[in-house]
There are 2 protein chains.
Amino acid sequence: MDSDQFRAAAHSTIEEIITYFDTLPTQRVLPTIEPGYLRPLIPSQPPAEPEPWSTIQSDIETKIKPGLTHWQHPNFMAFFPAGVTYPSILGEMYSAAFTAPAFNWLCSPACTELETIVMDWLAHALALPPCFLSTSENRGGGVIQVTASDTVATMMIAARERRVTELVLAEGLQPDTVEYEDRMMDIRPRLVALASNQAHSSTAKGALLAGTRFRSVGARLEENLEMTGPRLREMLLQCEKDNLLPYFITLGMGTTNTCAVDRFREVKEVLSERKSWQRIWVHIDAAYAGAALVADEWQYIAGEFAEGVDSFNVNMHKWLLVNFDASCLFIRNRADLTTALDITPAYLRNPYSDSGQVTDYRNWSMSLGRRFRALKIWFVMRSYGLSGMKDYIRRTIALGETFAELIRSRSDLFEIITTPAFGLTVFRIKSPKAAGATMVEGVAQPDEPSNELTKEVYELVNSRGEIFITSTVISGVYAIRVVSANPKAEEKYLRRAFEILVEITGEVLGRE
Amino acid sequence: MDSDQFRAAAHSTIEEIITYFDTLPTQRVLPTIEPGYLRPLIPSQPPAEPEPWSTIQSDIETKIKPGLTHWQHPNFMAFFPAGVTYPSILGEMYSAAFTAPAFNWLCSPACTELETIVMDWLAHALALPPCFLSTSENRGGGVIQVTASDTVATMMIAARERRVTELVLAEGLQPDTVEYEDRMMDIRPRLVALASNQAHSSTAKGALLAGTRFRSVGARLEENLEMTGPRLREMLLQCEKDNLLPYFITLGMGTTNTCAVDRFREVKEVLSERKSWQRIWVHIDAAYAGAALVADEWQYIAGEFAEGVDSFNVNMHKWLLVNFDASCLFIRNRADLTTALDITPAYLRNPYSDSGQVTDYRNWSMSLGRRFRALKIWFVMRSYGLSGMKDYIRRTIALGETFAELIRSRSDLFEIITTPAFGLTVFRIKSPKAAGATMVEGVAQPDEPSNELTKEVYELVNSRGEIFITSTVISGVYAIRVVSANPKAEEKYLRRAFEILVEITGEVLGRE
């Protein structure tokens with residue numbers, strides 16, 4: 001493909017992208033195809049000879065789009081949003097053109113330096129405490145990772161190394177000896193990572209990847225599924241009884257099921273009670289809800305991270321107008337990462353890295369190479385400005401409040417399970433066949449008829465395909481989650497979603 | 001940014017990308033900026049209000065390009081190539097527009113199914129044995145990972161779990177009991193991963209991430225730095241003496257320093273000698289040189305992978321015309337991965353995944369979400385066809401042979417250290433002050449004056465900035481690596497690189 005062919009192909013691609021976004025609301029949000037739909041449509045072998053772009057491109061419309069779940073659709077109300085905006089797409093175009101596996105400073109200084117700068121911008125935008133700035137005295141800083149999952153796994157590996165190393169050094173052993181390695185290995189099996197039972201599964205998976213144990217701290221519906229100090233203390237004492245050594249904890253700002261916020265202050269107080277608990281790495285998973293910190297009225301939460309927090313993660317690719325992948329990690333002490341992850345063979349040595357003047361982000365993550373992801377973040381933050389980002393967050397939170405009000409307005413049909421937060425409403429359908437009181441002092445009680453009814457309504461809503469929502473099970477309560485906060489979200493779509501829920505509930509109840 | 005603004009911005013971006021590629025040969029390959037160049041050029045805070053695209057875009061020329069190391073430049077001869085092509089950029093554009101964190105089939109069926117199909121295409125293109133096809137009876141298949149580093153770490157974690165699980169189950173323990181978890185933890189500290197001392201550092205880093213030990217098998221210059229059967233057997237016996245349990249080995253097809261190919265047949269024979277050695281996970285790291293398998297004359301190598309190999313990895317983003325990231329992993333038994341990595345909480349459950357009919361790639365990697373990377377691979381394979389891909393590989397290998405011949409033609413100045421392979425030539429400058437014979441029976445001997453001279457020439461070449469090359473140290477020999485195989489590589493640039501090397505060598509020698 002020469003320059004002229006590329007120009008024509010790219011122009012045509014741009015028109016198709018614009019048309020895609022403009023016509024999305026008229027499409028079904030979920031595809032109608034069945035598993036295995038694509039294989040019969042595509043040759044089983046790659047072509048022997050080149051194909052023209054026109055042939056390739058036409059397959060997007062006929063073969064790919066019919067199999068897309070449209071995350072940008074205003075009727076996408078499932079999981080969490082994962083938005084994309086035009087300036088973000090422009091960032092990806094330049095990133096692809098400037099392709100470089102920028103594993104150290106020398107391999108693309110602009111890629112490294114822009115990343116440091118935009119992470120500082122983001123820290124300012126979120127009002128994170130200064131300890132997370134690259135310019136902080138404590139030598140903190142930000143880095144763009146792929147997802148919150150590999151981020152938490154990376155934090156756990158760094159935490160594991162930090163904890164084991166300090167214990168082995170305290171015993172007076174010398175690094176690079178057989179005894180040192182043996183002792184490192186002896187201690188690891190006792191390590192245990194903690195998180196609320198409401199934390200995203202990535203913490204349990206991270207513990208698995210890091211080869212350590214994992215225990216979950218019970219969060220309760222009567223405490224709005226927030227991790228509390230007393231529950232954490234119980235677990236820490238239990239670990240002590242079991243001769244386990246807690247080394248890492250994930251605290252949630254916006255848990256996956258219900259957007260609960262763990263009680264940071266209480267939890268940090270408990271962690272300060274014993275010397276060994278003070279050495280636990282505290283990671284804040286704010287993958288989705290962290291975006292709310294751009295709005296002044298939420299920034300008081302970030303104040304909690306000034307002390308007693310080792311790392312903080314927010315995915316701009318969820319609710320902050322940058323497309324996947326842009327998982328932004330901030331760390332208080334970057335040496336915790338680089339000490340754990342740096343392996344520098346001869347072929348990666350260069351005078352800049354050796355001087356210690358530059359940042360080599362390969363030592364901040366599991367991957368060696370990395371894409372130039374700072375460009376899209378830079379473009380989005382400049383195109384929207386802080387004012388545009390704040391407006392977007394406030395508008396979508398308001399949409400969630402409107403929806404929660406609608407759900408509350410039909411308390412004959414619906415019961416809200418947890419406090420609506422950050423645009424998310426979690427509720428169930430109340431069955432007329434409920435065995436007893438379904439709510440006791442404002443707390444939802446497990447109820448089999450309501451569970452069955454809610455599941456039936458949920459499945460019917462998705463199978464009709466006009467909106468896409470998700471469900472979950474919390475403390476024995478089957479619940480529906482609705483969150484509409486991608487860049488195309490609008491009140492009229494949420495009002496229609498409410499109508500659909502009322503209609504289908506009526507339909508299912510009528511059949512019973 | 002509305003549709004019209006995006007159209008104008010995107011057209012302008014496309015022109016800038018075309019101009020970038022067309023004018024690259026007239027630019028310096030390495031930037032001239034110093035560490036920290038960018039910070040004074042960019043405000044320390046994000047803008048409060050939106051900025052127009054024209055303001056943002058103009059910063060690319062004035063602030064970003066001056067800090068780029070141009071991996072697409074024909075004078076980029078360092079590390080390994082990391083190419084990009086126009087069809088690949090088009091793939092990234094669609095991928096950004098269709099943004100979805102496609103963690104399971106339902107979250108974007110097209111993303112999952114196209115990935116399965118193009119990985120099968122690639123397996124065919126590389127003539128991999130049928131066991132690596134998604135349709136194989138043994139239930140193998142391919143998946144796109146981010147980099148070879150996270151790929152090898154993921155393989156090690158799966159291997160660790162496979163090995164420990166089979167040992168614990170053999171002892172009759174029941175999963176999900178305290179005894180089972182304790183015993184899993186007891187065994188892990190004895191695990192050790194192996195690789196040649198010439199393997200990429202990602203295997204050592206992977207062992208660190210997986211929390212296991214690592215030992216390297218000595219490869220020798222007199223054996224062209226290939227891992228041999230006898231060297232491996234020595235190490236396996238040593239591990240036995242040390243009461244360690246080898247569970248994983250990386251074998252290289254194209255090692256980082258010299259593009260050596262480990263002696264697969266010998267090594268596999270040694271691994272078959274004992275029952276416990278047969279349980280070692282064998283991973284082929286063909287990150288760069290695996291691309292050569294598209295050319296028929298190299299496909300005999302793939303025949304070695306039909307038996308005794310668990311996984312194979314090639315980065316299309318190095319030498320196969322697709323931009324970073326596109327690290328393609330093939331695995332013989334996908335259950336080895338999904339058994340180790342699957343953690344399915346309620347909010348990720350859905351009827352399709354529960355049915356087992358669909359692939360959920362989140363269980364094939366450390367990250368939950370993933371980009372739609374299959375599009376760019378699909379576009380590139382169709383735009384080039386197999387014929388175009390073979391031509392590209394053959395053309396760039398021939399360039400390397402031409403360069404090696406030039407180096408050989410000046411045996412008064414240069415000594416080739418290892419057999420030139422896959423476009424890479426590794427050589428040193430012979431010092432007239434060498435203490436004794438620098439080559440003995442064709443094998444380079446460590447020589448301090450030659451090391452110093454080679455280092456001086458190397459540093460001067462890069463500081464002049466016309467070409468960019470890398471150096472390494474092998475068995476005490478300081479050497480220069482030259483590989484020119486990105487899509488813009490041409491013979492005239494390699495001939496000029498040779499002239500520069502001769503000139504600068506003369507200059508340095510003249511000063512002495």
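Select strand S4 of chain B, residues 245-252: 8 of its 8 residues are buried, so the strand is mostly covered. Buried here means under 20% relative accessible area, exposed means over 50%, and partly exposed lies in between (1.4 Å probe, protein chains only). Strands (E, at least two residues) and helices (H or I, at least four) are DSSP runs, numbered from the N terminus.

Before going on, note that this is a predicted model, in which local features need pLDDT of at least 70 and side-chain atom pairs count only at pLDDT 80 or more, while totals for chains, interfaces and linings use all residues. Residues are numbered from 1 along each chain as its sequence is written, chains are lettered from A and ligands numbered from 1 in the order in which they are written, and side-chain values use heavy atoms, with hydrogens and water left out.

**Neighbours of S4 in chain B**

Add strand S2 of chain B, residues 191-196, which runs parallel to S4(B) and is joined to it by 5 bridges. Two strands count as paired if DSSP finds at least two bridges between them. To see one contact, pick Ala193(B), whose bridge partner in S4(B) is Phe248(B). Then add strand S5 of chain B, residues 281-285, which pairs with S4(B) in the parallel sense over 5 bridges. Here Leu251(B) is opposite Ile284(B) of S5(B).

**Strand S2 in chain A**

Move to chain A and select S2, residues 191-196, where 6 of 6 residues are buried. Strand S4 of chain A, residues 245-252, runs parallel to S2(A), with 5 bridges between them. Ala193(A) faces Phe248(A) in S4(A). Strand S3 of chain A, residues 213-217, is also parallel to S2(A) and joined by 5 bridges; Ser196(A) is opposite Val217(A) there. Now show helix H7 of chain A, residues 201-210: with S2(A) and S3(A), H7 makes a right-handed β-α-β unit. Right-handed means that, with the strands pointing away from the viewer, the path from the first strand over the helix to the second runs clockwise.

**Salt bridges**

How many salt bridges does a search of the whole structure find over all chains? The search finds 96. Each is a side-chain nitrogen of Lys or Arg within 4 Å of a carboxyl oxygen of Asp or Glu.

Select Asp325(A) and Arg371(A), which form a salt bridge with N and O 2.8 Å apart. Asp325(A) sits in the loop between helix H11 (316-319) and strand S7 (327-331), and Arg371(A) in the loop between helix H13 (351-355) and helix H14 (374-409), 46 residues apart. Asp325(A) has a relative accessible area of 3%, and Arg371(A) one of 5%.

Next add Arg373(A), which also bridges to Asp325(A), with the closest N and O atoms 3.1 Å apart. This pair is 48 residues apart in the chain, and both residues are buried. To show the network of salt bridges, select Glu92(A), Asp325(A), Arg371(A), Arg373(A) and Lys376(A).

For another example, go to helix H16 of chain A, residues 491-511, where Arg495(A) and Glu491(A) are 4 residues apart, or about one helical turn. Their salt bridge has its closest N and O atoms 2.8 Å apart. Arg495(A) is partly exposed at 38%, as is Glu491(A) at 35%.

**Cysteines**

Finally, select the cysteines. The structure holds 0 disulfides over all chains, a disulfide being a pair of cysteine sulfur atoms within 2.5 Å. For Cys131(A), the nearest cysteine sulfur, in Cys328(A), is 16 Å away. Cys131(A) is buried at 9% relative accessibility. Why is Cys259(B) without a bond to Cys107(A)? The closest cysteine sulfur to that of Cys259(B) is in Cys107(A), 17 Å away, which is too far for a bond. Cys259(B) is buried, at 3%.
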